[in-house]
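User: Could you walk me through the enclosed spaces in this one? I'd like the reasoning along with the answers.

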Amino acid sequence: MTEPDFHARDRRPSGDRWGPWRARLVAGTLALVFAVIVGRSAQISFSGPGGNAAAGPAPEAARRADIVDRNGDLLATSLAAWSLSADPGAIWDAEEVARSLAGVLPELDVPELTAKLSARDRRFVWIVRGITPRQKQAVFALGLEGLRFEEDMRRVYPGGRLAGHLLGFTDIDGKGVEGVENAFDDRLSKGGAPFRLTLDAGAQFALEAELDHAFETFTMKGGAGVIVDASNGAIRAIASWPAIDPNRPGDRTDAAKPNRAMNSLFELGSIYKPLIVAAALEAGELGPDDIFDVSTPIRIGSATVRDSHPLDHPGAVTATDILAYSSNIGAVQIAQRVGPGRQKAFLSDLGLLTRPDFEGPGSAAPLTPAEWDKLTAATVSYGHGISVTPLAFAMSFVPFANGGYRLQPLLLEPGDDAGVKRKQVMTAATAEAVVSMLRQTVLTGTGANAEARGYEVAGKTGTAEKPGPDGYDPDRNITSFAAVFPASRPQFVVLVVLDEAVPRTGDARTAAYTAASIAGRVIARAAPMLDVEPVFDAPASGQAGPRVASDSRTL
Amino acid sequence: MKHLAIIGGLVVVGLAVGVYRAKLGAQENEARIETLQGEIERASEEIAVLKAEEAYLTRPERIGPLARERLGLAPASPDQFTAVEMLSRRVGAEAAPVQQPTPGAAEQ
């Protein structure tokens with residue numbers, strides 16, 4: 001019997017001299033791996049979360065920012081919308097599914113949907129697009145077979161037609177294509193805090209409602225209105241009639257498509273007369289006691305300027321009378337004192353000869369005379385031969401209401417008064433004098449229908465014949481009324497423009513009977529919402545109450 | 001050497017357990033974060049829907065006729081405003097005299 005050889009492991013082949021080194025190499029490698037594992041384990045154990053944890057899921061596309069008015073009232077928002085589809089092949093009882101769905105989506109037509117869901121050879125049919133999360137949940141709760149949901153975002157304008165033209169709308173991909181949605185598309189698409197406009201939803205509604213009222217009172221092709229805060233140029237309301245509903249842009253009629261307040265050009269007529277009076281006052285060519293003879297038509301080249309409604313005492317009238325009774329002859333005489341060059345420079349200072357420059361939807365550039373000669377100066381003095389947008393013209397009245405400073409239109413809050421660019425284009429004395437004349441126009445002249453009790457409306461009517469292929473057409477007018485209020489401490493500018501407005505009552509188709517009355521109604525309705533306190537008589541004058549039109553001592 | 005190996009082994013086991021627990025905790029936290037983010041998203045969506053509904057229901061076009069028909073309200077007219085100095089005149093004789101507080105009276 002052979003004894004076991006307990007020392008066999010100690011025996012190495014005498015030729016294996018690398019054995020120990022191999023062992024050391026293996027041990028060293030193992031130790032190194034071990035050290036790496038231990039080190040990394042220690043690092044993970046004692047350090048905070050790694051980079052991967054912090055990275056989180058990939059960021060989703062930002063939800064398009066809401067649009068709100070100056071008070072935070074919602075004008076546009078984006079909501080999750082869902083589209084509901086079905087696989088008819090997976091539906092057992094098409095009629096039952098259709099009836100159940102109609103229970104939560106009443107707009108569905110059961111027979112039509114039943115037929116659609118019975119097409120078992122099809123694997124996909126749309127049931128309804130753009131349902132709300134709540135409707136989706138209701139459908140989900142039905143537990144019906146064969147239905148699928150697709151998620152989407154949908155732009156919603158809860159105010160309906162409110163500020164429709166200004167807001168614009170987005171396309172099916174959520175990209176702004178018109179109005180504010182288009183002008184600020186980059187900023188809106190980044191999401192974030194609501195986009196606050198200078199608009200006041202209450203005043204905006206008042207303006208739109210009164211344009212609707214205008215259509216009830218007159219036959220008309222279109223209209224526009226603007227309310228501007230004269231302290232900083234903030235647009236508080238801007239409307240174009242017919243209105244549009246941005247929730248259904250496809251339903252717009254051709255007549256409703258243009259934004260008449262910002263993109264349509266009008267010859268606005270006699271509302272230019274206060275501008276030429278201001279130019280004359282600034283040039284030192286018009287004194288408070290200057291008397292004009294407007295009894296004789298003026299001939300300039302081949303053209304003759306007449307007054308359609310002669311004044312009571314045309315041989316001796318003041319600049320106030322010229323405005324109050326809208327004398328074309330008087331306006332031309334004042335324009336002749338100013339001269340074409342200074343008149344053009346003054347209108348340029350008011351921003352009427354260039355496209356309005358402001359942050360917002362684009363506004364049309366004006367159509368201005370190619371040459372500014374004496375005839376041009378004469379016709380421009382009563383608002384013919386120059387076409388501008390209602391917004392541009394409203395801004396030209398702002399200096400009358402703020403001591404003589406031209407401002408840019410402001411559409412985005414915060415309307416920081418300190419940051420507003422101002423350019424003095426007339427003295428405070430000139431502005432005050434013109435406002436005084438405009439007040440007289442409402443108290444005693446053609447603007448009487450614009451009076452809003454307590455709000456001291458100071459404004460000017462404008463009736464301009466529309467140009468046609470054969471010259472100006474006396475049967476088609478643009479009527480307008482431009483105003484500041486309250487006259488004793490002006491705060492706002494209002495402009496109303498009506499296109500071919502004809503009173504249904506048979507009254508004259510002039511601004512005195514059309515645009516003036518609408519402007520007065522707009523002011524009476526919007527002023528309380530714009531925090532304008534009515535002007536009260538002094539306590540000594542008797543009964544407390546708002547100052548009314550019969551009081552001519554207010555200025 | 002043998003002690004060192006044992007201690008090293010224990011340290012490795014301890015670290016492995018620590019890593020496992022940390023990883024497990026991280027996974028739980030991630031799941032919780034995802035749940036909360038989902039809840040936040042749903043809540044945000046609900047808030048957006050509610051705000052849109054509120055704006056829709058309170059739009060002037062709807063509120064105006066309702067206020068007129070059911071509450072008899074109308075847009076404010078200038079007659080409804082008055083200046084502070086006019087109050088006494090408007091109230092007139094009906095104005096109740098303001099009672100002066102009695103000195104030493106206990107405050108209510």
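Analyst: Here's a short run through the cavities, keeping in mind that this is a predicted model.

User: How many cavities of 30 Å³ or more does a search of the whole structure find?

Analyst: The largest cavity holds about 50 Å³ of space. The second largest has a volume of about 30 Å³. With that cut-off of 30 Å³ or more, the search of the whole structure comes back with 2 cavities.

User: Which element gives the largest share of the lining of the largest cavity?

Analyst: Among the lining residues are R161(A), H165(A), Q204(A), E208(A) and S240(A). Elements of chain A that give two or more residues here are α6 (164–167), α9 (201–217) and β8 (235–241). The largest share, 3 residues, comes from β8(A).

User: Where does the largest cavity lie relative to the domains of chain A?

Analyst: Its lining divides into 5 nonpolar, 4 polar and 2 charged residues. Both domain 1 (67–196) and domain 2 (202–245 + 255–529) of chain A give residues to that lining, so the largest cavity lies between them.

User: And the second largest cavity: how many charged residues are in its lining?

Analyst: Y272(A), L275(A), I276(A), Q343(A), L347(A), V380(A) and S381(A) do the lining. The elements giving two or more of these residues are α10 (273–283), α13 (340–349) and α14 (374–381) of chain A. Sorted by type, the lining has 5 nonpolar and 2 polar residues, and the charged count is none.

Notes
Residues are numbered from 1 along each chain as its sequence is written. Chains are lettered from A and ligands numbered from 1 in the order in which they are written. This is a predicted model: local features need pLDDT of at least 70, side-chain atom pairs count only at pLDDT 80 or more; totals for chains, interfaces and linings use all residues. Side-chain values use heavy atoms; hydrogens and water are left out. On a 1 Å grid over the protein atoms alone, a cavity is a set of points where a 1.4 Å probe fits but cannot get out, and a pocket is an open set with protein on both sides within 12 Å along at least five of seven lines; lining residues have an atom within 4 Å of a point. Grid points are joined across faces, edges and corners, and a volume is the space filled by probe spheres set on the points. Helices (H or I, at least four residues) and strands (E, at least two) are DSSP runs, numbered from the N terminus. Ala, Val, Leu, Ile, Met, Phe, Trp, Tyr, Cys and Pro count as nonpolar, Asp, Glu, Lys and Arg as charged, and the others, Gly among them, as polar. Domain bounds come from an automatic or database domain assignment.
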